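The following exercises concern the structure displayed below. Each task is followed by a solution worked in steps.

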Amino acid sequence: TVKPWLSARLDVSPPVHDFAAEGFPLVGGRLDYLDGHPAAAVVYRSDRHVINLFVWHDPQGGEAPPAVRLRQGFTVICWRKAGMGACAVSDVERATLERFVSLVAAAG
């Protein structure tokens, strides 16, 4: 129910997969705004931590591999692929968030 709801409200169909078997259960989703533009926020958990996966239409197209930043105690990993921009944000350990991003990227 998360993917159809978000897809009806955005210019992009965000990737929505339940990675519960890998330790990242899907919690839900919401419409959010990043830099003044609408974005899907797909919410996952890792133990007691929340992982927000933001996805938006990227008119620049092109691809960019995942880049890691640290901001105020949060790890932020952003990338671009197939006309979409994406950022995963959480306070989990960096290696855990990198594993999550690998799962998202592999699932398409």
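**Exercise 1. Establish the overall architecture of the chain.**

Solution. Begin with the secondary structure: the chain contains two helices and six strands. Next, place these elements in sequence order, which gives the pattern α-β-β-β-β-β-β-α. Note that the model is predicted. Then consider burial: of the 108 residues in the chain, 38% are buried. The accessible surface amounts to about 6,300 Å², and carbon and sulfur atoms account for 52% of that surface. Finally, examine the contacts between residues at least 6 apart in sequence; 42% of these join residues at least 24 apart.

**Exercise 2. Trace the pairing of strand β3 with its partners, and locate F54 within that pairing.**

Solution. Step one: take strand β2, residues 37–46, which pairs with β3 in the antiparallel sense over seven bridges. Step two: inspect the connection. β2 and β3 form a hairpin with two residues between them, and D47 in the turn has a positive phi of about 55°. Step three: turn to strand β6, residues 84–90, which is joined to β3 by seven bridges and runs antiparallel to it. Step four: locate F54. This residue of β3 is the bridge partner of A41, and F54 also stands opposite C87 in β6.

**Exercise 3. Determine whether D58 is buried or exposed, and list its contacts beyond the sequence neighbours.**

Solution. First, find its position: D58 lies in the loop between β3 (49–57) and β4 (64–71). Second, apply the cut-off for burial, which is under 20% relative accessible area. D58 has a relative accessibility of 7% and therefore counts as buried. Third, set aside the neighbours within four places in sequence; D58 is then in contact with R80, G83, M84 and G85.

**Exercise 4. Describe the surroundings of V104.**

Solution. V104 belongs to helix α2, which spans residues 94–107. Its relative accessible area is 6%, so V104 is buried. Apart from neighbours within four places in sequence, V104 is in contact with P15, F19, L53 and W79. A further separation can be read from the backbone: the C-alpha atoms of V104 and H17 are 7.8 Å apart, although 87 residues separate the two along the chain.

**Exercise 5. Which residues form one aromatic cluster, and how many aromatic pairs are there?**

Solution. Count ring pairs whose centres lie within 6.5 Å. The count comes to four aromatic pairs. One aromatic cluster is formed by F19, F24, Y44 and F100. F19 is also one of the contacts of V104.

Notes:
Residues numbered from 1 in each chain as written. Predicted model: local features only at pLDDT ≥ 70, side-chain atom pairs only at ≥ 80, totals over all residues. Heavy atoms only, no water. Helix = DSSP H or I, 4+ residues; strand = E, 2+ residues; numbered from the N terminus. Buried < 20%, exposed > 50% of the residue type's maximum accessible area, 1.4 Å probe, protein only. Contact = heavy atoms within 4.5 Å. Phe/Tyr/Trp six-rings, centres within 6.5 Å; stacked < 30°, edge-to-face > 60°. Areas by Shrake-Rupley, 256 points an atom, 1.4 Å probe, with all protein chains shown as cover. Pairing = 2+ DSSP bridges.
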